[in-house]
Amino acid sequence: MACLHFYDFHPPLSDFQAEILAGLSSRQKTIAPKFFYDAEGSQLFDRICELPEYYLTRTEIGLLERYGDQIAGAVGPEALLFELGSGSSRKIRLLLDALRPASYVPIDISKHHLRVAANALFSDYPWLEIHAVCADYAGSWNLPPGLEGQRRIVFFPGSSIGNLTPGEAAALLKRMARLVGDGGGLLIGVDLVKNVDVLEAAYNDRQKVTEAFNKNLLVRINRELDADFRIDRFDHLAFYNPELDRIEMHLASPEAQLVRIADRTIRMAAGETIHTENSHKYSLASFRRLALRTGFRPGKVWIDPEGLFSIHYLSA
Ligand code: AVI
C-alpha cells in the first residue's frame, strides 16, 4: 500500500577544514570531489547535465526511454528498488514507470534533497511505497524495518562509479552485492572510453560551466574556512589520461603564490596543480571484468548507437 516514510541515520558530517588542509598538504595537492556539491556546486552540476558537450546525462536518459521495457524485463517485477545518491528525478521517474517496483528506497546524505525529492515522487506516484533513508550510502546504515524478504535491486546511474578509483569502485560494488544478496541485481550507468576530443570537450565546455564548477571549490573554501584563494589566479584544467582511462580535473596555479587557510599558509609553485576529480571511463569488457571481481555476474547491457554510454544489469 502507498506510504512515505523517512529514516534518519544521522550520517557523520565530514570535517571540512581538516580534510581540506590534509589534501592541500600532500605532495600532489588534492581536494575531494565530494566537496563540489554545496548549494552553488549542485546548481552548477545541474547546468552541466544540460550542456551540449556533456553527453552523459542526455544519453543515459535516452537509453532509459528507449529500452525501459527491456530493462524491466531483465530486472523482473515486484522488486525493492534502492537508489544510491541524489539521482536525477527524470531518470528515476523513467525507471519507476518501466519497472513499477513494489517499494522504492532512495538513500541520500542530504536530508533536504531527500525530503524534497521523496515528497514530489510521492505525490506523482500514489501507488508507490517510499522508504527514504538519510545516510551515507558508502558508510554504514541499516535497512528500514519491514523490508526483509523482497528481491532487491540497486539503481546507480550517472556514471558516479567513475568518480571512484577502480579499487574504490570494486569495494562499493562488493557492498552493493552484499546489500542485494542472492537473486538481487544492480542497474548501473557507466560512461564509455571513446574519442579523446569528445571526452575532453565534455569537461571543457564552451560556456565554462565546468570551469565555474571546479573553481567553486575555491570560492567555498574562501567562504567557509576564511581563506584567501585568488580565483582569477587559478586555471581550470581537464584532460584525458589514457594510461588510467580517466578524465582528470585540476586547478592549476600558473605562478608561484601563497594562500592562507585558517591559520595555515599553503605554498603553490609555478605550474603546480590541485587535483580535484577523476572520472574513469570503461570499455564494456573492462567494466565486466571489474564487476566479476565483486560478486556480480554481468548480464544485459544497453548502449546508444554512437557508443557513448552504457547501462549494465548485473545479477548477484
Ligand atoms: C557526477 N559525475 C559522474 C560527473 C562526471 O562526469 O564525472 C561529475 C562532473 N565533473 C565534471 N563534470 C561533471
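1. Let's start with the cut-offs: a residue is buried under 20% relative accessible area, exposed over 50%, and partly exposed in between. By that scale E19, with a relative accessible area of 32%, is partly exposed. Keep in mind throughout that this is a predicted model.

2. E19 is worth a look for its partner, too. Its side chain meets that of K34 in a salt bridge, at 3.1 Å from N to O. The pair links distant parts of the chain: E19 sits in helix 1 (residues 16–25), K34 in the loop between strand 2 (29–30) and helix 2 (39–48), and 15 residues separate the two. K34 has a relative accessible area of 47%, so K34 is partly exposed as well.

3. Next, K29 and E272, whose side chains form a salt bridge with an N to O distance of 2.7 Å. Here the two residues are 243 apart, another link between distant parts of the chain, with K29 in strand 2 and E272 in the loop between strand 11 and strand 12 (273–280). Is K29 buried or exposed? Its relative accessibility is 7%, so K29 counts as buried.

4. Now for a pair within one helix. The side chains of R220 and E224 meet in a salt bridge at 3.0 Å, N to O. Both belong to helix 8 (residues 209–225), and because they are 4 residues apart there, about one helical turn separates them. R220 counts as buried at 14% relative accessibility, while E224, at 39%, counts as partly exposed.

5. That pair has company: R220 and E224 are linked with D38 and R223 in a network of salt bridges. The structure holds 14 salt bridges, and I've picked out just a few in this note.

6. Turning to the strands, have a look at strand 10 (residues 257–261). In a regular strand the side chains alternate between the two faces of the sheet. Along strand 10, Q257, V259 and I261 point to one face and are buried, whereas L258 and R260 point to the other and are not.

7. What does strand 10 pair with? Strand 11 (residues 264–268) runs antiparallel to strand 10, and 5 bridges join them. I261, one of the buried residues on strand 10, stands opposite R264 in strand 11.

8. Finally, the turn. How many residues lie between strand 10 and strand 11 in their hairpin? There are 2. A262 in this turn has a positive phi of about 50°, if you want to check that backbone angle yourself.

Conventions: Residues numbered from 1 in each chain as written. Predicted model: local features only at pLDDT ≥ 70, side-chain atom pairs only at ≥ 80, totals over all residues. Heavy atoms only, no water. Buried < 20%, exposed > 50% of the residue type's maximum accessible area, 1.4 Å probe, protein only. Pairing = 2+ DSSP bridges. Salt bridge = Lys/Arg side-chain N within 4 Å of Asp/Glu carboxyl O.
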